[in-house]
Number of protein chains: 2
Amino acid sequence: MRLSRYFLPVMKEVPTDTEIVSHQLMVRAGMIKQAASGIYSWMPLGLRVLQKIQNIVTEEQEKAGHIPMLMPTIQPASLWQESGRYDDYGEEMLRIRDRHDRDLLYGPTNEELITDIFRQHIKSYKALPVTLFHIQWKFRDERRPRFGVMRGREFLMKDGYNFDLDFETAIHSYNRHMVSYLRTYNRMGLKAIPMRADTGPIGGKYSHEFLLLADTGESTVFYDDAILKMNFDDTKIDYDNAQECQKIVDSWTNHYARTDETHDQAEFDRLVPNHRQAQSKAIEVGQIFYFGTKYSDPMKATVVDEMGKHIPVHMGSHGIGVSRLVGAIIEASHDSRGIIWPMSVAPFKVGIVSTSSDDKAICQECERLYQECENAGLEPLYDDRNERPGAKFATMELIGIPIRITVGRGLKKGVVELTERANGQTTEVSQSQILNKVIEIVNS
Amino acid sequence: MRLSRYFLPVMKEVPTDTEIVSHQLMVRAGMIKQAASGIYSWMPLGLRVLQKIQNIVTEEQEKAGHIPMLMPTIQPASLWQESGRYDDYGEEMLRIRDRHDRDLLYGPTNEELITDIFRQHIKSYKALPVTLFHIQWKFRDERRPRFGVMRGREFLMKDGYNFDLDFETAIHSYNRHMVSYLRTYNRMGLKAIPMRADTGPIGGKYSHEFLLLADTGESTVFYDDAILKMNFDDTKIDYDNAQECQKIVDSWTNHYARTDETHDQAEFDRLVPNHRQAQSKAIEVGQIFYFGTKYSDPMKATVVDEMGKHIPVHMGSHGIGVSRLVGAIIEASHDSRGIIWPMSVAPFKVGIVSTSSDDKAICQECERLYQECENAGLEPLYDDRNERPGAKFATMELIGIPIRITVGRGLKKGVVELTERANGQTTEVSQSQILNKVIEIVNS
């Protein structure tokens, strides 16, 4: 992309109505613009990051054998009356009445809708197990939306739903989700720790939240700090192998790690030596639930088992906050100059900066590099505007592009500058080697 | 994908509440399920097609230099009060009140929201021209939703907005949209004819609708049938070249082609010889508008021009019905057995059918072909269920997979069967040649 033809409204000033750094940086980097309280437009740069996160989430779910579909944003109230949640859900549910006075709502989650789909189409145990997921906009009418996309009202979420014949296979589904989530966060450069959590309005007995330690987090968490030393193994995995999944889950959940809602100090003292007891603020980026027959019972989602008996299916639901992750990654990865994107979610991998708009040789070399990076799939952003180099550098740093190529005076001796955003180091690289060097960093 | 692990709830019976063939076939092929009147869940097969269409639309817009972003589904009423459309829009607008009694609405279109973004960020003529687009769910509270996704209430639309300094450059943007739309439909195997149209609630002076001739269409159109003989040229184009775009637009719009709203019989008689005068039913799949300063005037979206004067920008908006296209393509391409997908939007390109689940050699060959097709990016759907071959063939035909490979008795002499959905022809192909043959058809 040529910056002269892009729409990237960056701001120098810190916006006044932003409380946390990710919100500030997203506004300053021209990633989002508020449309109404807790509702945002995703500007071109923001959308690129959002889509990269969405793609990683989708890929990891598909690897786990889960099937993508898409439910609508608007749901009929009748399904929620059937499950008993319509009155329970409270003011966070955005209730709507259409022109024919029928009650609708903007879905905050989709247990009812997916159960309705299941019960209409699946009748036999032979079709199990099945896990369906979608990535769709949700609405929760937060009393006090804040922190930008971290606690918005309209937000993008991946939610998945497993349908299993019994407790044992449902726990395998639960474990599959935990493993696929750990791999998902890992690909985004995040260390998200699964912690035993409260089940809230979703219900059920088993739940883990995934939390990123961060000072700006809204949750307080208690954990054995040995868990921080765990490394995530992203080698090939057989998701059909229940034991293999269970082993990975055990290796994480054997450590004490709980949110304040489930924290038990006596238990903490009993299990964790004092010097390893840690407490921190954290950001929730996902949650998984097993809730058995909580929805399949009232909504009569049954299958016929091998003996010809109708039994309600065992279900769970599993969510990742896709739009929230954009903010969470920034909370975990920024400095005083701006955002530092992990390569996997960077909106552009390489920034190209010319130090002069008048020097023909410099412009030609920038053009050549831009084309080569484009052809190599490196997603370059070429700042071809007639601006001071300092302003161009500041923009590239603010918006967090991992690699910057600067074409300037060195060109006379056949070199350009390569700067890595994460460590700020600049090295001179020959014109003939620069592309290989960039590819090497991108793939590392 | 292995069918045994997929979720594809096909139906033999014709559903009772469907009036047109695309709606019937989408329900029967397990592509959609109604959640509420005019609101649909996209089942896994349906979502695959929807995403392919979305990708083609996005690619063609990006080629034209238009920049993707994403606006939210929920908008504040205040912006619509500013433009004067809040009261005008009538009952089709889904009006919502949040927990703090603030007036919101589910966006039926986005002229106001994009103008608000523009006026906050763009101040100088130097930043022009710019065209932004997004693909987002919209809601129009139709009095009588019907025809499945063809006239739903919640629907996916691409809408784009151009901002230009004057009439002349705005017309170039209009033309760029017309050309990119023609190319978009062409890639989906559709012949959509641009017809002079009424501007309706969007407003403005210039508008063309894109219409597919089809008996089930809701529009009546009048046209010079010479236009049907035009072939779409999809060679490389320079979208920055205003003359080149104008020439293509002229070649289409020089023929009389109008919807009933703009039809003028006297003009028709004057311009088109009687034997070329045609009238037909048609389906609208897109519309483009130039409306000048209709929104930039009341909303004060101005730029400073070269002389330092504040002038309102010239705008247009341009929409493609993404979810509607799924139905429209089926209306244009089906037979008594089911859907016939054009290759570019087919949910799977190749179906693999084993005629026996017991024969080890047959199963092994299916497995080998499945892996090879998967590796070659041919998106195979392998029917590995223990079903009669006839039932498997019927499913592949119903869901419209372009190529079917059948592995059966011929295997003993080293051949498999290749069947093309579009013409029903079956040929025997040797095991060693089948992959090349499939690739040849896919790329043709």
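The following exchange concerns the interface between chain A and chain B in a predicted model.

Colleague: What makes A:E91 and B:R99 a salt bridge?

Modeller: The closest N and O atoms of A:E91 and B:R99 are 3.3 Å apart, and the rule asks for a side-chain nitrogen of Lys or Arg within 4 Å of a carboxyl oxygen of Asp or Glu, so the pair qualifies. Across the interface of chain B and chain A the rule finds eight salt bridges, while 22 residue pairs, both at pLDDT 80 or more, are in polar contact. On the side of chain B that touches chain A, the residues divide into 31 nonpolar, seven polar and 16 charged.

Colleague: How much area do chain B and chain A bury between them, and which three residues of chain B supply more of its share than any other three?

Modeller: About 4,600 Å² is buried between the two chains, 62% of it on carbon and sulfur atoms; of the area that chain B buries against chain A, B:F7, B:K33 and B:R99 supply 15%.

Colleague: Why is the relation between the chains called that of a two-fold axis?

Modeller: A rotation of 180° with 0.0 Å of shift along its axis superposes chain B on chain A, with an RMSD of 0.0 Å, and that is the relation of a two-fold axis. In chain B, the C-alpha nearest the axis belongs to B:I96, 3.0 Å from it.

Colleague: How do you know that the copies meet through the same surface?

Modeller: The contact takes 54 residues from each of chain B and chain A, and because 100% of the interface residues of chain B are also interface residues in chain A, the copies meet through the same surface.

Conventions. Residues are numbered from 1 along each chain as its sequence is written. Chains are lettered from A and ligands numbered from 1 in the order in which they are written. This is a predicted model: local features need pLDDT of at least 70, side-chain atom pairs count only at pLDDT 80 or more; totals for chains, interfaces and linings use all residues. Side-chain values use heavy atoms; hydrogens and water are left out. Contact means heavy atoms within 4.5 Å. Buried area is the accessible area (1.4 Å probe) that two parts lose on being put together, summed over both. A polar contact is a pair of N or O atoms within 3.5 Å; within protein, one must be able to donate a hydrogen and the other to accept it, and residues adjacent in sequence count only if both atoms are side-chain atoms. Ala, Val, Leu, Ile, Met, Phe, Trp, Tyr, Cys and Pro count as nonpolar, Asp, Glu, Lys and Arg as charged, and the others, Gly among them, as polar. Copies are superposed by least squares on the C-alpha atoms of residues with pLDDT of at least 70 in both.
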